[in-house]
Amino acid sequence: MITAHDFPSAHVADHAGMDIILVGDSLAMVALGMEDTSEVVLEEMILHCRSVSRATKAAFTIGDLPMGSYEIAPEQALESAVKVIKEGRVQAVKLEGGLEYAPTIEKITRAGIPVLGHVGLTPQRQHSIGGFRVQGKTTIGALKVLEDALAVQAAGCFAVVIEAVPAEVAALITKKLKIPTIGIGAGNGCSGQVLVQADMSGNFPPGRFLPKFVKQYGNVWAESMKAIEAYKSEVKSRQYPAPAHTYPMPPEEYTEFERLIDSKRDATVSTFS
């Protein structure tokens, strides 16, 4: 699984053969320049889901339910999920939370909408859990992550994201579940993995914060800088556009065009003489 937030990012992910494309609320930071995921709203998520869905032909698509779109009541969550499916044109939704959101997940799945769960570190609740901290590092903490995973499984989730949990804990939880687990900062013992595409592709300049679990497989920033700087240089030196990038005109047509322009100029000059 990989994230995408617009037509180009989804297009390349789909062509690369990704099984699942997630329109994650991380787009708040990587696409919209926001401080954190709590800023993005449902309407913005739907817009990005629609863009991603237009580019995706083979991958299974999932849209995140952002903070504020599902916490009030299961009925609110179902209404939001229906909008993401109908208007965003994705095939499933994801929401954060464990045992306390089991009734919400059950409400959505009973309506026929697939739900991807998300336990462990839940970024939308970073302020209530002390920031972006690893979860499940103690026996009690690990049991809580397992309890949450089992609860979302029982509520009908088809899979669950496990974020920022010790690898051995995530591996054991994976063995205890009947549904697949998708790890992000949770080791290779999970059923699958997910990364934010902009992070793993290197879309931003050196020095930007990246979580420990991110491995950069490319350097889009460097390649883009190289291309844009070369373009700027060639425009200033008039190397671009070259004849290969222009549209030709038959010589005789240009000669006639030039003659007409000259004759009009001569007529104007004679009028004011």
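**Note on the predicted model: salt bridges, sheet, pocket and surface patch**

1. The side chains of Asp-64 and Lys-94 meet in a salt bridge, with an N to O distance of 3.0 Å. Because Asp-64 lies in strand β3 and Lys-94 in strand β4, this pair ties together parts that are 30 residues apart in sequence. Both partners are covered in this predicted model: Asp-64 is buried, with a relative accessible area of 1%, and Lys-94 counts as buried at 2% relative accessibility.

2. The two strands that carry this pair are themselves partners in the sheet, since β3 (residues 60-64) and β4 (residues 92-94) pair in the parallel sense over three bridges. Within that pairing, Gly-63 stands opposite Val-93 in β4. On the way to the next strand, β4 runs parallel to β5 and is joined to β5 by two bridges, with Val-93 standing opposite Val-115 in β5.

3. Seen as a whole, the sheet is open and consists of eight strands in the order β1-β2-β3-β4-β5-β6-β7-β8, with parallel pairing. Its edge strands are β1 (2-3) and β8 (192-193), each of which pairs on one side only.

4. Strand β5 (115-120) deserves a separate remark, as six of its six residues are buried, and β5 also supplies at least two residues of the lining of the second largest pocket, as does α6 (139-154). That pocket holds about 240 Å³ of space; of the 16 residues that line it, Gly-120, Thr-122, Gln-135, Lys-144 and Asp-148 are the closest to its centre. Helix α6 contributes the largest share of this lining, namely five residues.

5. The structure holds five salt bridges, and two others can be set beside the pair described at the start. The side chains of Lys-107 and Glu-75 meet at 3.8 Å, N to O; Lys-107 lies in helix α5 (residues 102-110) and Glu-75 in helix α4 (residues 74-88), so this pair ties together parts that are 32 residues apart in sequence. Here the partners are partly exposed, Lys-107 with a relative accessible area of 34% and Glu-75 at 47%.

6. The salt bridge between the side chains of Arg-259 and Glu-256 (2.6 Å, N to O) is set within helix α10, where the two residues are three residues apart, about one turn of the helix. Arg-259 counts as partly exposed at 44% relative accessibility, and Glu-256 is partly exposed at 35%.

7. Helix α10 (residues 251-271) is also the place of Tyr-254, which counts as partly exposed at 43% relative accessibility. Together with Met-249, Phe-257 and Ile-261, Tyr-254 forms a nonpolar patch on the surface, with about 400 Å² of accessible area for the four together.

Key. Residues are numbered from 1 along each chain as its sequence is written. This is a predicted model: local features need pLDDT of at least 70, side-chain atom pairs count only at pLDDT 80 or more; totals for chains, interfaces and linings use all residues. Side-chain values use heavy atoms; hydrogens and water are left out. Patches are made of residues with over 30% relative accessible area and no salt bridge: like charges are joined within 9 Å, nonpolar side chains (Val, Leu, Ile, Met, Phe, Trp, Tyr) within 5 Å. Accessible areas come from the Shrake-Rupley method with a 1.4 Å probe; for residues, only the protein chains shown count as cover. Helices (H or I, at least four residues) and strands (E, at least two) are DSSP runs, numbered from the N terminus. Buried means under 20% relative accessible area, exposed over 50%, partly exposed in between (1.4 Å probe, protein chains only). Two strands pair if DSSP finds at least two bridges between them. On a 1 Å grid over the protein atoms alone, a cavity is a set of points where a 1.4 Å probe fits but cannot get out, and a pocket is an open set with protein on both sides within 12 Å along at least five of seven lines; lining residues have an atom within 4 Å of a point. Grid points are joined across faces, edges and corners, and a volume is the space filled by probe spheres set on the points.
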